[in-house]
Amino acid sequence: GRGTGHFGSGTYFSTFKEETPDTDEKYGDNLGDDRPQFIKVGENVYRVDMDFYKNLYRVYTRKQGNVLFTLLKHLNSMYYIVQYEGDTSTLSQYYQIVIRNAKALKLKCPSFRELWKMILDHIKSDKTQSFSTVFMEYNGYNGVNVSGVEGFDNTTHGSVIYDLSKTSGVVKTP
């Protein structure tokens, strides 16, 4: 029910848990280690074990979430400036924030020239993913996990998995 966010293109999730007398049964909390990775709890609502997916960038604090959000937002802005606006005079200002935030998060950041080439290559490609997804995949991640992080574990931001087929095991369903 939402478009792509700055954390990337993929399937978005946010934490939701209602407290009712049958909560443990409905959400599979009573199943222990045999709990499936997907549990349907309502119409178009599923419980998903985020730890089941490979290589998600884990955000632990609101501050870390803000730094990552700003980094990826600026990368997407750089991409759109190159693709649609033509006036690239502000790119170096965006890049300074990108490189500083990437360093703070211990993410690889290509040189300005290499990033420019990545943007141009992505524009020429037929891929529909956002440029923030390209950057996170460049760093070896298949999404962003913000589960339990105040201000980010919601339907405005949420966790994202770029490719649901990249798992750490065999999918179990009820």
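This is a quick talk through how two helices pack, what the nonpolar cores look like, and where one buried asparagine sits.

Okay, so keep in mind that what you're looking at is a predicted model.

Let's start with the helix pair. Helix H2 covers residues 62-85 and helix H5 covers 131-138, and the two pack with their axes 8 Å apart, at an angle of about 120°. That angle makes H2 oblique to H5. As for handedness, the crossing of H2 and H5 is right-handed.

Who's actually touching whom? On the H2 side you've got Leu-68, Leu-71, Leu-72, Leu-75, Asn-76 and Tyr-79, and across from them in H5 are Phe-131, Ser-132, Phe-135 and Met-136. Sort that H2–H5 contact by class and you get eight nonpolar residues, two polar ones and no charged ones.

Now, the cores. The largest nonpolar core has 31 residues, and the members touching the most others are Phe-7, Leu-68, Leu-71, Leu-107, Met-136 and Val-144. H2, H3 (91-104), H4 (112-124) and H5 each put in at least two residues, with H2 giving the largest share, eight. There's also a second, separate core of seven residues, including Phe-13, Val-48, Met-50 and Leu-56.

Last stop: Asn-145, which is in strand S5, residues 143-145. Is Asn-145 buried or exposed? Its relative accessibility is 5%, and the cut-off for buried is under 20%, so Asn-145 counts as buried. Leaving out residues up to four places away in sequence, Asn-145 touches Met-50, Leu-56, Tyr-57, Arg-58, Val-59 and Ser-159. Two names there should ring a bell: Met-50 and Leu-56 are in that second core.

Terms used
Residues numbered from 1 in each chain as written. Predicted model: local features only at pLDDT ≥ 70, side-chain atom pairs only at ≥ 80, totals over all residues. Heavy atoms only, no water. Axes fitted to C-alpha atoms, helices over the stretch in contact; angles between N-to-C directions. Helix = DSSP H or I, 4+ residues; strand = E, 2+ residues; numbered from the N terminus. Parallel < 35°, antiparallel > 145°, perpendicular 65-115°, else oblique. Left-handed = near helix turned anticlockwise from the far one by under 90°. Contact = heavy atoms within 4.5 Å. Nonpolar A, V, L, I, M, F, W, Y, C, P; charged D, E, K, R; others polar. Core = buried A, V, L, I, M, F, W, Y, C linked by side-chain atoms within 4.5 Å. Buried < 20%, exposed > 50% of the residue type's maximum accessible area, 1.4 Å probe, protein only.
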